[in-house]
Each structure stands twice: as structure tokens, then as C-alpha cells.
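Work through the exercises below with the sequence and the 3D view at hand. Each task is followed by a solution in steps.

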Amino acid sequence: MENRCKPSLLFSVSCLVVLTQLLTWVTTKQFRVFGPSDPIVAAPGGEAVLPCSVFPAMNMENMEELRWFRDRFSEAVLVYRDQEEQKEGQMLAYSQRTSLVKDQFHQGKAAVRIQNIQPSDSGIYVCHFKQGLFYEEAILELKVAAMGSVPEVHIKGPGDGGVCVVCMTSGWYPEPQVHWRDSRGENLPAFSETHTKVAGGLFSTETSLVVRDSSVGNVTCSTFNPILGQEKATPMFIPEPFFPQASPWKPAFFVILTMMGLLVLGTSYLFKREHSARLKVQLEWGNLQREKDESQKTKADALRTTSALKEELDRRKAAYSAAWRKAQLYADWHKEHFQAWTFTLDPASAHPILAISQNRMSVTRKDITMCLDDLFSVLGSEGVSSGRYYWEVKLTNMEGSKWILGVCREGVDRKGFYFESPDKGFWTVGQSSSGYWAYIDSERASLSIRQAPQSMGVFVDYPEGDISFYNMSDMSHIFSFHEASFSGTLFPYFRIKSGNVSMTISSMARVSEGEEGGEGEEGKEGEEGEGEEGEQQEEGKKGEDSPFLQRARDTLLP
């Protein structure tokens with residue numbers, strides 16, 4: 001009897017365990033994780049608190065795992081699991097420097113405190129909260145910077161033909177920028193400047209200025225922190241008695257010199273009167289000959305230099321043309337291998353919150369006050385299925401906005417919450433609150449952009465599976481998806497996440513006459529004006545050289 005009951009009891013226990021786990025999975029609540037939208041600033045040697053919160057609010061004490069990490073998930077800054085901090089997987093650089101802030105756990109808030117801040121701590125952090133099978137993440141940014149003391153300015157005394165003024169300040173990070181300005185706000189060149197790194201990694205600086213013009217009056221020493229964008233300044237008034245006084249012998253010397261000059265001129269006139277006409281003719285002839293020789297030499301040098309620059313430019317352009325897909329140099333050279341793609345925006349594919357312009361060339365948000373993190377996107381009316389094409393998108397009102405643009409495969413799922421990545425049929429770049437990104441394989445690659453793009457170029461090389469993005473403001477390359485795996489038709493893709501940004505299609509090609517007729521007389525006039533402007537631009541391109549050769553000619557030729 002006992003032997004028959006044992007298998008039955010084991011079966012009951014197994015079923016109970018399975019049911020308990022299924023109940024845990026079913027009852028796991030989904031939540032969102034948020035971090036501060038602005039960067040967190042901390043001084044070297046100080047401490048920083050990186051907070052994250054969940055919505056809806058819940059008690060964090062029983063959360064399965066709280067993790068803060070940087071570049072890699074496995075290399076953690078701090079891990080909280082099983083209701084205690086875990087040392088396993090923590091980076092050595094953060095050992096003994098981090099602690100978990102739990103005083104607001106019951107409000108759904110948690111934070112990691114980093115002590116003894118180092119310059120290497122500056123950068124992006126990710127907080128990862130997990131409960132059951134569900135997890136969510138948020139991105140934070142930490143900037144290491146410190147504002148130093150107000151500059152101390154004093155007059156050192158006379159020196160180098162003027163008055164020497166010294167400016168000293170300390171306690172700055174990173175190394176500050178020091179400027180001298182006069183009472184009109186114009187910059188004055190510093191006579192000397194010294195930067196010193198002191199204990200704690202902070203910087204102190206001492207700079208001097210020599211003022212030779214007594215009319216300057218006030219000078220200001222300004223110290224600027226490039227990360228925080230803040231400055232501290234101190235003005236200094238220089239009384240006129242501090243300037244060196246002119247010698248009383250100078251006027252007498254100039255009078256004597258003038259009299260001697262008049263005497264010499266009079267004597268020369270008396271003795272050389274009869275030879276002056278001949279000497280004048282010979283002198284004018286010699287001057288004309290020298291000017292002619294110098295002019296010919298200058299023109300010859302300019303022609304040789306221009307020829308050398310032209311040969312070098314032709315060589316570089318030939319090398320670029322031979323391997324233009326790998327070069328990624330200038331957008332204007334890259335465009336020579338592509339055709340301008342003609343399309344408008346497709347209102348049928350647009351999210352209801354997006355506003356499409358009457359000519360279907362521009363898109364904005366109707367209501368920028370709504371703080372919805374939804375996926376507001378629209379597609380182009382025509383797609384690319386072969387060949388090499390490009391188009392340009394003009395961006396305005398980008399400050400504080402979040403946007404994404406690129407291409408997507410025909411028939412991609414744009415409903416609900418999704419992440420643009422190549423494996424889902426999206427090849428895109430965009431801007432968020434923390435910078436510019438390329439979206440690759442469910443992750444983001446940070447982009448280094450020298451100048452904020454006012455216009456973006458999208459280049460699709462369908463046969464080679466290559467999609468490239470260029471900053472058309474400075475013609476620089478931004479990012480490329482090489483050997484992309486796609487088939488079918490690729491449609492232009494535009495997404496506005498937040499802000500007042502406006503995206504306008506500004507390709508050289510324009511819509512056909514049939515599409516113009518659908519827009520009415522007003523649309524026709526706008527399209528005709530744009531066509532004339534495009535023709536003028538094309539005519540200008542035929543007559544102009546590359547910017548490299550044009551700058552050389554402007555500099556060297558008279």
C-alpha cells in the first residue's frame with residue numbers, strides 16, 4: 001500500500017511546482033523604466049547618483065534583478081539580486097565605489113551611488129530592471145565636469161611696451177578656455193597662458209595680457225567650461241597713469257629731423273636740377289619693368305600651382321571613382337554614381353498624429369504637447385527595387401526633437417511597439433535626447449557628427465546591398481549598412497518620436513506633371529518654381545569646379 005502511494009505523492013508535488021511557476025509567469029506585471037532626460041553632472045573626486053524609476057510604481061524590494069551597466073550587459077556597474085548586492089560580474093573599476101540607494105524602493109525608485117568620480121566615469125549608462133520573464137531598460141548620461149573659482153585679475157606692472165595684467169583661476173574640469181575681451185566685447189590676444197593639473201584631477205590656469213593702448217580702459221578675463229557651457233568672468237579697469245609716458249625729447253628729435261630733411265632736399269634740388277628729368281624717366285621705366293616682371297612671375301606661379309592642384313584633384317577623383325563604394329569621402333562625388341529618386345509622402349501610410357503638407361513633401365507632428373512614446377511614422381509613395389538612387393531630407397526645428405529616417409522593406413509590421421533594426425526590415429539613423437544613433441540588430445551605434453545636419457542624404461545601392469547616410473550640410477559621411485540582406489521593394493521611411501521637427505523631401509528631382517495636376521493651381525506654381533530652381537542649380541554645377549580647386553584658385557589667382 002505504501003509503495004503505491006509514493007509515486008502518486010511525487011506526481012502531486014511535481015504538478016504543484018509546475019502550477020506555481022505558471023502562476024508566477026502569468027501574474028508578472030509589465031512596467032516601464034524611466035531615467036532622467038538631462039545629463040547628470042558630477043565633479044572629479046565627488047559622487048554621482050544615477051536614478052531610475054518604474055511605472056506604474058511598485059515596491060522594488062522583491063524585484064528579481066536591478067542592474068546598471070555601460071557598454072556590455074555582462075560588465076556591470078552594480079547588480080542587485082535576491083534582495084542583496086552581488087559582486088559577481090561587477091567591473092573592477094567600480095569595486096568599492098558603488099552602493100544601492102534603497103530609501104525610495106516603496107515608491108518604485110532605485111538609484112546607484114558612485115563615489116570618487118573619475119574622468120573615465122563620463123558616458124552612457126543603462127539601468128536594467130527584470131521581474132520574471134519581463135524586463136525593461138532606460139538610458140542615462142553622466143558628465144564629469146566642475147566649475148572653478150571666479151578669475152582673480154590684478155595689474156602686474158609695466159612690461160613689453162604696455163601694462164601687464166594677470167588672471168588666475170583654479171578648480172576647473174576639464175581644462176577651461178580662457179579669453180581676454182575689451183570693453184566692446186572683442187577678443188584680445190593673450191601674452192602667455194599656463195595650465196596646471198593639480199590634486200584630484202582639477203585644473204588651474206594663469207594667463208597674462210599686455211595692453212599697449214591707453215584708450216582700452218576696461219579688460220575682462222573670462223573662463224569657460226566647454227562641457228557645461230558656462231563661464232565666469234572678472235573685469236579690470238586700467239588707469240591711464242599705469243601706461244608708460246612718452247619721452248619729452250621725442251618732439252625735439254622729430255623737429256630736428258624734419259629740418260635736416262628739408263635742408264638735404266633743398267641742396268639736392270640746387271645741384272641736381274638739370275638731371276632730375278632724366279632720372280625721373282629712368283626711375284619710372286625701371287619701376288614699370290619691375291612691376292611687369294613681378295606680375296608675370298606671380299601669374300606663372302599661380303598657373304603652376306593651379307595646374308598641380310588640378311592634377312592632384314584629378315588623381316584623387318580617379319582613385320575615388322575606381323573604388324567609390326569603399327571611399328565614403330564627399331557626398332557630392334558620391335552623388336555622381338546615383339540618380340535622384342522621385343517620390344512624395346503617402347498619406348495613407350501616415351499615423352493620424354502626423355501632419356502631411358499639401359504638396360506631400362513635408363511632415364510634422366500636429367500636437368507636440370502630447371508626451372506619447374508612440375511610433376508615429378509615414379512612408380514614401382514610391383519604392384526602390386533596383387539600381388542606385390538617392391534623396392535628400394531637409395531637417396528644421398531639430399532642437400529637443402527625436403526623429404528617425406531611412407528605408408524599410410515593403411510590408412514591414414509598423415503596428416504596436418517595435419524597434420527599427422535590419423533583421424526587422426529597417427535600415428535607419430536618427431536623433432535622440434542623448435545624440436545621434438544608427439539602429440543595428442536591436443541595438444544602437446553611437447554616431448560622431450562634427451556639424452548638426454540641416455539636410456540628410458540617403459543613398460541606396462540596391463545591387464550591392466549598401467545603404468549610406470551623408471550629412472549634406474558639410475558633405476561628410478555619417479554611416480553605412482554594408483552587404484545588407486534585403487529583397488523586394490524598399491520604401492523611404494520617416495518617423496517623428498517627439499518635438500517640433502519638420503522633415504521635407506528636397507531631392508533634385510520633382511514630382512511628375514500628373515501628380516502636379518492633383519495639387520491644384522497653387523501646387524502647380526510651387527512645383528514650377530522648384531523646377532526652375534533645380535535647373536539653375538544644375539547649370540551652376542556644370543560650370544563650377546570642386547570646392548577644393550575653387551578655394552585654391554580664389555587664394556592664388558589675382
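**Exercise 1: an open sheet**

Task: in what order do the strands of the open sheet of 4 strands lie, and which are the edge strands?

Solution. The order is 1-3-8-7, with antiparallel pairing; strands are DSSP runs of E of at least two residues, numbered from the N terminus, and two of them pair if DSSP finds at least two bridges between them. Strand 1 (32–34) and strand 7 (98–101) are the edge strands, each pairing on one side only. Neighbouring strands of this sheet are turned by 20° against each other on average, direction ignored, with axes fitted as lines to C-alpha atoms. Next, take one pair: strand 3 (residues 48–55) and strand 8 (residues 109–114) run antiparallel and are joined by 6 bridges. Val49 stands opposite Arg113 in strand 8.

The model is predicted: local features need pLDDT of at least 70 and side-chain atom pairs pLDDT 80 or more, while totals for chains, interfaces and linings use all residues. Residues are numbered from 1 along each chain as its sequence is written, and side-chain values use heavy atoms, without hydrogens and water.

**Exercise 2: nonpolar cores**

Task: which residues of the largest nonpolar core touch the most other members?

Solution. A nonpolar core is a set of buried (under 20% relative accessible area, 1.4 Å probe, protein chains only) Ala, Val, Leu, Ile, Met, Phe, Trp, Tyr and Cys residues joined through side-chain atoms within 4.5 Å. Among the 41 residues of the largest one, the answer is Trp391, Trp403, Leu405 and Phe494. Strand 23 (residues 388–396) gives the most to this core, 4 residues. Another core, of 34 residues, lies apart from it and includes Tyr80, Tyr94, Leu140 and Leu142.

Definitions and conventions
Buried < 20%, exposed > 50% of the residue type's maximum accessible area, 1.4 Å probe, protein only. Axes fitted to C-alpha atoms, helices over the stretch in contact; angles between N-to-C directions.
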